[in-house]
Amino acid sequence: MRRLSTIFAASKSEKLNYEQTIQFLYDQLPMFSRVGVIPHKLDLSKTLALANAFGNPHHHLPCIHVAGTNGKGSVSHMLAAIYQTAGYQTGLYTSPHYRDLRERIKLNGALVPKDFVVEFVDHYRNLNLDIRPSFFELAVVMSLEYFRREKVDIAIIETGLGGRLDSTNIITPLLSVITNISFDHQAQLGHTLKAIAGEKAGIIKKGVPVVIGEYHFETAPVFIQKAKELESKISFASQNFDITPIDHNDGISTGYKILQPKDFSFPTLTTDLMGSYQKRNIQTVLQSIEVLQPRLPVSFEDLQLALQDVKNISKLIGRWDIKKMNPLVIMDSAHNEAGIRFAMKQLQKIPTKTLRIVFGVVKDKDPKEVLQLLPKEAKYYFAKANIPRGLPAEELQLKAKSHQLQGMAYLSVKAAYEAALEEAQPEDVIFVGGSIFVVAEII
């Protein structure tokens, strides 16, 4: 392959191949998921200008907009699986990706074709715009243009960072969904739950109903006030659906008993998304389906079939994935305080001789709150994900030691994982997590 400087010195009319196209996209800064925060103007102007150059594909595109600190990926994939099973042409945009950029943009579970990615970027390069959109802004508009061309019945659009200033927030959806609020990305979103909720509440649109997954006394007033200002009907899923896990003693069962006093009620549901924390996500999904039932009818049979097979239908990966048995290997992309708390609670339910944890974090977040949630009796294998944001393994090992967490530092995630496998007995459990990028390297 020619050097990039040679490629872009060439005429813009010269088409790139797929590999060159992907490299071009990665070179469009800032790409927060890989390098972290880079000072730049935070507003929607570049996204709007780029969308306008492509004929404003977001106008009149039927969407569900999903934000939240944790669970928004699972909720988005569940909704996509349900509507797809019900026969709707369903688009899904999520971020970040694990292995392939095309994981971000799916139609009925299939990744966006490579040819479309190349065509979109080629068209963009020949527009001669006075702006330089970021990787995320390009990916968002690419997804909207693809969904418009494919004439989707519904597109589920997951926010990236925050909500109010997130590039996805140019859409006017049929429904806004906010899963929950916890501490994450405080430098960008604020240092209190109220401040973070205010940023997430930015996706609420005038007259558009909004579903809040969890009622929390600190954040609920923020959402209620915003919904009142915008004349948006608001629902709190946790107040309307009572969900009880069934037989969760082994830590990996998936049954739920559903109770709801209104007409839209169910006996029991099962899902292939493991982890007891999915209970809250299912509440959010059921509330969302109920709100949109008049516009996008879904039968109980479709709902049941979809939830039993979410991973296969929507191609969801990285959420409490069982990679191997004997020893049991679990991968989960929880990476902030609330997510790790749920994951560790779930992990502690699984009988094991030795718990081995392959762990890595990003360097632009203080890992203190996460480290203090990790079990002290586990054996740790610290590693740095192969991205600029990754915290060096030795530094993580030192920070972990101050929390009485013992383990070795490894040169790579793969080396750490292989060491854990080599030392593990059949009755052990290996958990891989701390960062989506750590999980991605094992996937």
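In which sense do strand β1 and β5 pair, and over how many bridges? In this predicted model, strand β1, which spans residues 63–67, pairs with β5 in the parallel sense, and the pairing extends over four bridges. Within this pairing, I64 stands opposite I156 in β5. Strand β2, made up of residues 90–93, is likewise joined to β5 by four bridges, and these two strands run parallel; here G91 is the residue that stands opposite A155 in β5.

The wider arrangement is an open sheet formed by eight strands, in the order β4-β3-β2-β5-β1-β6-β7-β8, with mixed pairing. The edge strands of this sheet are β4 (110–111) and β8 (234–236), each of which pairs on one side only. Strand β3, covering residues 105–107, is joined to β4 by two bridges, and these strands run antiparallel; the bridge partner of K106 in β4 is L111. Helix α12, formed by residues 278–292, packs on the sheet, where it touches β1, β6 (175–178), β7 (210–212) and β8. The direction of helix α12 makes about 165° with that of β6.

Is strand β5 largely enclosed or largely open with respect to the rest of the structure? Five of the five residues of this strand, residues 154–158, are buried, and β5 is therefore largely enclosed by the rest of the structure. A residue is counted as buried when its relative accessible area is under 20%. The burial concerns both faces of β5, with I154, I156 and E158 buried on one side and A155 and I157 buried on the other.

Two helical residues may be described with the same cut-off in mind. S143 lies in helix α7, which comprises residues 135–149, and with a relative accessible area of 1% S143 is buried. When neighbours within four places in sequence are left aside, S143 is in contact with Y93 and I105. I436 has its place in helix α19, which comprises residues 436–442, and I436 is also buried, its relative accessible area being 13%. Apart from neighbours within four places in sequence, the residues in contact with I436 are P96, Y98 and S333. Of these, S333 is 103 residues apart from I436 along the chain, and yet the C-alpha atoms of I436 and S333 are separated by 4.6 Å.

Note on methods:
Residues numbered from 1 in each chain as written. Predicted model: local features only at pLDDT ≥ 70, side-chain atom pairs only at ≥ 80, totals over all residues. Heavy atoms only, no water. Buried < 20%, exposed > 50% of the residue type's maximum accessible area, 1.4 Å probe, protein only. Pairing = 2+ DSSP bridges. Contact = heavy atoms within 4.5 Å. Axes fitted to C-alpha atoms, helices over the stretch in contact; angles between N-to-C directions.
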